[in-house]
Amino acid sequence: MSNTQTIHTVDLNNSKLSFDDFRQLILSDYSLAVKSRVVSLLGRKEVLTGKAKFGIFGDGKELAQIAVSKVFQDGDWRSGYYRDQTFAFATGITSIYHFFSQLYANPDLEAEPSSGGRQMNCHFSTQLLDEHGNWLDQTKQKNSASDISTTGGQMARILGLGLASKMYRENRNLDYLKYFSDNGNEVIFCSIGNASTSEGVFWETINAVGVKQIPVVVSIWDDGYGISVPNEIQTTKGDISEVLRGFQRDEKGAGFEIFKVKGWDYPALCETYEKAAKFARENHQPCIVHVVEMTQPQGHSSSGSHERYKSDERLAWEVEFDCNLKMRSWILEAGIASEEDLQLIENEAKDFVRKEQKRAWTDLYKTIQVDLQEAIDLLTTIKHDAVEIPLKTLQSLTELSLKDVYVNVRRVLRDLRAVSIAGKQELIEWYKEKQELNYQRYNDLLFSNTQNSPLLVEEQAPAYSENSITVDGREVLNACFKYNFEKDERIVAFGEDVGRIGDVNQGFAGLQEIFGEQRIFDTGIRETAIIGKGLGLALRGLRPIAEIQYLDYLIYALPVLSDDLASLSYRTKGRQKAPVIIRTRGHRLEGIWHSGSPMTTLLGSLRGIHICVPRNMTQAAGMYNTLLKSDEPALVVECLNGYRLKEKMPDNVGEFTVPIGKAELLKEGSDVTVVSYGSTLRVVQEATMELEKLGISIEIIDAQCLQPFDRDQISKQSLSKTNKLLVVDEDFPGGASSYLLQQIVEVQKGYYELDGQPRTLTAKAHRPPYGSDGDYFTKPSVDDVVEIVYEMMNESNTKDFPSLF
């Protein structure tokens with residue numbers, strides 16, 4: 001471990017810079033540190049006075065972040081922590097004006113380019129896409145993956161971000177992608193708080209980074225606490241770099257180069273980061289920089305005070321070892337500047353920050369003022385008592401918000417619901433127009449919605465001829481993957497057992513031998529890292545297929561899927577995308593831990609990811625073809641019991657497409673509409689013959705995709721004929737079946753077509769026990785389908801369908 005804890009001096013005579021240049025560099029850095037500290041202090045005041053909702057800041061971390069910024073080059077990537085404001089200022093990833101615009105939640109993307117007001121302050125990102133969804137040149141800018149608030153969550157994606165550099169350096173077939181990499185010379189800089197190193201995502205990612213040996217520099221900002229909990233309770237030995245000693249590279253094998261440096265020692269920080277970045281960039285090996293003796297002068301956030309949990313001795317130490325004060329003393333002792341020089345810098349810094357804060361607030365005020373004044377003008381024309389109080393309220397507002405504007409307008413519209421009066425219609429039309437604008441401000445771009453959306457991919461049916469052979473379903477998938485890998489060098493696939501043996505169900509069998517270990521490879525048992533790897537690779541222009549061996553295990557990666565991937569387009573207002581495909585398999589396997597149908601969890605957590613549920617491998621292949629032609633993330637759940645079922649091999653196996661979000665009518669019928677998906681759909685199909693013996697004709701609809709669901713509304717069309725609805729799936733009661741009911745009955749307005757209660761048939765509320773008998777008594781069976789459909793017919797026609805029991 002490289003230890004640079006001693007105070008460093010700088011030999012000015014040996015410096016490559018002239019003294020004046022060196023002096024200006026130091027004073028510029030000090031000015032930035034002061035500005036960033038003023039931002040933190042002023043930002044907290046803005047929250048406490050009510051002008052902003054919440055504040056979290058990077059005070060106490062200024063010098064370390066300035067040191068990192070010195071080695072951060074165009075093309076490099078940041079995957080950071082919500083304390084990184086000084087780094088963001090130093091690299092131009094954000095500005096002080098943009099910082100305050102974000103603090104005030106300005107929805108204008110020009111004022112707040114990181115998220116358009118959708119993220120709280122200190123959550124940074126750079127725009128990777130233009131307004132049409134086309135990639136910008138990542139090599140000509142400093143890149144930041146969009147921050148998330150989940151502590152440690154930024155770790156997982158560094159695996160893919162760094163692996164991309166390795167792939168771009170080693171795979172010459174990727175040389176044409178010049179706007180994503182300069183021969184793989186990019187370094188990934190990650191920052192994390194010391195307390196968050198206790199989390200599983202940290203250890204899972206660190207282990208995977210060490211295995212893959214990728215160019216990553218991980219900075220651990222260590223101020224001794226995790227909110228109120230000290231290191232002694234967080235970490236073995238109270239020191240994370242001591243715990244990480246086993247990862248230090250040595251003669252036994254590759255690992256990390258680990259550095260330890262004090263957060264108030266400016267020269268040592270600059271020297272350390274120069275070494276770490278050079279090592280990672282040139283050797284393509286990872287580094288960890290443990291920055292100790294940091295402070296957090298204002299505590300964790302604007303929600304609390306650190307005086308409640310820090311001792312007087314600790315508070316006194318934090319004042320003495322404040323990094324900005326230490327730098328100030330060093331500058332004076334080294335004769336770099338005088339007291340008067342520094343006071344001038346400090347005063348100018350305060351004036352500049354205050355000016356930018358006021359500009360940000362004024363610009364937000366102008367945005368709100370447009371809506372406010374328009375509302376006042378329209379309300380003034382309506383002569384009615386119901387308008388008087390709302391109008392006066394708007395005219396007297398001092399702290400403006402769009403919420404106040406629309407609360408009062410909507411109140412007037414309610415009170416005038418039965419009144420015909422001049423000016424009312426103009427107010428209604430204005431309100432409807434503003435609804436559209438406010439949707440764009442706060443609700444749009446859950447998906448990228450570019451010209452490359454999977455919803456726009458042209459549908460092409462599978463083609464068959466007299467020469468089409470019948471094969472195991474897995475062979476259809478294998479042929480589909482082989483075709484796409486031949487066509488597109490950007491595609492890579494990885495997961496547990498994907499490489500050498502071609503996955504447990506042989507979808508990739510033999511493909512590693514054809515395309516090599518760079519493109520199809522095994523991973524360790526680390527689901528979080530697998531998804532993070534896919535996310536990072538996709539951000540850098542590659543087309544990853546990240547495999548999770550079984551659907552049940554996807555839950556282990558849920559934080560990365562939900563907090564990072566699913567919200568990426570929304571929280572960047574469409575300026576970042578990661579079209580990773582998550583491949584997994586589930587449904588109908590027996591046992592508590594392999595039941596394979598946690599669809600409730602996925603539907604609730606993965607808004608922003610398409611959820612595809614093909615009934616067989618041909619359908620799955622068509623979905624992969626569609627998704628690989630498009631640019632949005634998706635989860636494909638293959639049927640676990642379908643790999644060896646026989647299917648015809650399409651002649652156009654790599655070209656045909658299955659539309660995303662469209663249901664399919666599989667069988668016409670007249671009595672009951674049955675909607676299902678995946679393996680349970682085959683149970684419904686098997687029940688058809690028994691129902692026909694009983695004189696019942698069911699219409700079967702395959703959902704094919706749960707998110708989005710049935711864009712053509714064929715479910716409602718079917719209900720207009722049958723007037724009865726049954727949803728069948730093997731999720732828990734009230735899970736995916738309830739979601740489908742809501743879509744059909746409420747969204748599609750299928751309620752008006754019903755002449756009886758809509759029904760669901762699901763698995764039992766507990767997880768399935770092991771064994772075929774356990775499966776039969778737990779999940780929907782043919783008998784269950786027959787009996788519930790018969791019961792629905794009995795409710796409306798007891799004469800022809802007398803009760804069974």
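1. How many bridges join strand β19 to β20, and do the two strands run parallel or antiparallel? In this predicted model, β19 (residues 672-676) and β20 are joined by 5 bridges and run parallel. One pair in this register is Ser-676 with its bridge partner Asp-702 in β20. Between the two strands the chain passes through helix α23 (residues 678-693), and the resulting β-α-β crossover is right-handed.

2. Strand β20 also pairs with β18 (residues 664-667), here through 3 bridges and in an antiparallel sense. Leu-665 is the residue that stands opposite Ile-701 of β20.

3. The surroundings of β20 (residues 698-702) deserve a separate remark. This strand is largely enclosed by the rest of the structure, because 5 of its 5 residues are buried. Ile-698, Ile-700 and Asp-702 point one way, whereas Glu-699 and Ile-701 point the other way. Such a pattern is expected, since side chains in a regular strand alternate between the two faces of the sheet. The buried set includes Asp-702 and Glu-699 as well as the isoleucines.

4. On packing, the largest nonpolar core comprises 91 residues. Phe-100, Val-217, Tyr-273, Val-291, Ile-331 and Trp-430 have the most contacts inside this core. Helix α12 (residues 339-380) supplies the largest share, 13 residues. A second, separate core holds 84 residues, among them Trp-77, Phe-202, Leu-568 and Tyr-739. In soluble globular proteins, nonpolar side chains tend to be buried together.

5. Ile-331 may serve as an example of the contacts involved. Leaving aside residues up to four places away in sequence, Ile-331 touches Ile-26, Leu-27 and Tyr-30, and also Ile-336, Ala-337 and Leu-342.

6. Three points of backbone geometry may be inspected. Most residues other than glycine have a negative phi, and most peptide bonds are trans. The bond between Gln-707 and Pro-708 is cis, with omega about 0 degrees; Pro-708 lies in the loop between β21 (705-707) and α24 (714-722). Ile-227, which is not a glycine, has a positive phi of about 55 degrees and sits in the loop between β6 (225-226) and β7 (229-230). Leu-445, also not a glycine, has a positive phi of about 65 degrees, and its place is in the loop between α15 (424-442) and β10 (470-472).

7. As to annotation, an unreviewed UniProt entry lists residues 471-645 as "domain: Transketolase-like pyrimidine-binding". Over residues 471-645 the chain is 37% helix and 17% strand. The end C-alpha atoms of this stretch are 8 Å apart.

Conventions. Residues are numbered from 1 along each chain as its sequence is written. This is a predicted model: local features need pLDDT of at least 70, side-chain atom pairs count only at pLDDT 80 or more; totals for chains, interfaces and linings use all residues. Side-chain values use heavy atoms; hydrogens and water are left out. A nonpolar core is a set of buried Ala, Val, Leu, Ile, Met, Phe, Trp, Tyr and Cys residues joined through side-chain atoms within 4.5 Å. Buried means under 20% relative accessible area, exposed over 50%, partly exposed in between (1.4 Å probe, protein chains only). Helices (H or I, at least four residues) and strands (E, at least two) are DSSP runs, numbered from the N terminus. Contact means heavy atoms within 4.5 Å. Two strands pair if DSSP finds at least two bridges between them. A crossover is right-handed if, with the strands pointing away from the viewer, the path from the first strand over the helix to the second runs clockwise. UniProt positions are given in the numbering used here, feature names are shortened, and annotations may be inferred rather than shown by experiment.
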